[in-house]
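Visitor: I am new to this structure and should like to understand the terms applied to it. May I put some questions to you?

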Amino acid sequence: MSIPLLICDDSNMARKQVARSLPSDWDVDITFAVNGAEGIEAVRAGKVEMVFLDLTMPVMDGYEVLELIQQERLKTIVIVISGDIQPEARERVMKLGALEFIKKPINKEKLQGVLSDYGLL
Amino acid sequence: MSQPLPFTEDQRDCLQEISNVAMGAAGEHLASFSKVFVELSIPVVRANKAEDLVDALVSLQGLETVSGVAQRFEVGPFSVGGGETSTIVGCALVAITESSFRDLAQQREVCIESDADAQKLLMQLADTITHVCLPMLTEQLGVAAPVMPTSEVASLHVPLAEFKVPQIDGWSGLTTVEINYHLEGHPFNCDLLLILPDSATASLCKALDALLV
């Protein structure tokens, strides 16, 4: 069974960087979203086990996506991957239910470190 | 008037994304400097003629008078093929509106009684942003940290239409990256504008392509 993942970032390069950083032995089914509105639709459709979420995006930002996931009690794991490295940004997303916050630019080591820390590998 | 971009969509996206990461790193320093949470926006890449530079300060349009500090910087060496390398010169402009400036002075608890006081705070603000943003940008491009001489005032307390940046005199076509910073709950509006002359485009495109492989 492949793992359904969502990569939500307005940058094409950033989406590819996340996809390339995934463990190579994972069998994944990746959905890509270019803003939070597209992202939350994918989560609502109920087929996303894990979200890699950017914060600064047009139409709907990552904070709003987290709020909606929390309000609607949608079942998914969210890992925020953002260039906004203010400690308060991390605190805010963790309060909104994110599992972890990873500073951009993402790479294999950073992502696998987090997945390993949470027993997700 | 905005000009056609000298980049492919992938190159533009790449420049925007590495600017996004660099602005985030600088945003953390700005948050410490201003003691307020910084709201980040999405960097905007544009092509402009030098005489239309103020058009690139989109976030500051329609507002009161503006002050700005500029730093010419040198970045490189970029590989340009055939074993040859080149360096590029750019300009980092930090522009801030009058009310934002007063707000920042309050946050920093400093009294602005003269132009010299204003210049000092402007320089500190510019250094806070550029000394993090530019090295973060070059690190991602895989080149050495930029050589950055001291900032100099570009314009002080002028309407945007009269805003001038002597540091780019002699440049004609420009690529600009507009990075706007807001402070949460404050009337603070400040732009970092990265300005690159047309002569830098070829080297920059090569460096962006290397990231896109």
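Guide: A strand is a DSSP run of E of at least two residues, and strands are numbered from the N terminus. In this predicted model, B:Q71 has its place in strand β3 of chain B, residues 66-81.

Visitor: Why is B:Q71 called buried?

Guide: A residue is buried if 20 or more other C-beta atoms lie within 10 Å of its own. B:Q71 has 23 such neighbours, and therefore counts as buried.

Visitor: Which residues does B:Q71 touch, not counting those up to four places away in sequence?

Guide: B:Q71 touches B:C91, B:A92, B:A126, B:T130, B:M148, B:P149 and B:S151.

Visitor: What makes B:P166 count as buried or exposed?

Guide: The cut-off for exposed is 12 or fewer C-beta neighbours within 10 Å. B:P166 has 10, so this residue counts as exposed. B:P166 lies in the loop that joins β5 (152-158) and β6 (173-183) of chain B. From B:D103 it is 63 residues away in sequence and 27 Å away in space, C-alpha to C-alpha.

Visitor: How many residues does each chain bring to the contact between chain A and chain B?

Guide: Chain B gives 19 residues and chain A gives 15 residues. On the side of chain B that touches chain A, α1 (9-34) and β1 (38-40) each supply at least two residues. The largest share of that side, twelve residues, is from α1(B). By kind, the residues of this side of chain B are nine nonpolar, six polar and four charged.

Notes: Residues numbered from 1 in each chain as written. Chains lettered and ligands numbered in written order. Predicted model: local features only at pLDDT ≥ 70, side-chain atom pairs only at ≥ 80, totals over all residues. Helix = DSSP H or I, 4+ residues; strand = E, 2+ residues; numbered from the N terminus. Contact = placed C-beta atoms within 7 Å. Nonpolar A, V, L, I, M, F, W, Y, C, P; charged D, E, K, R; others polar.
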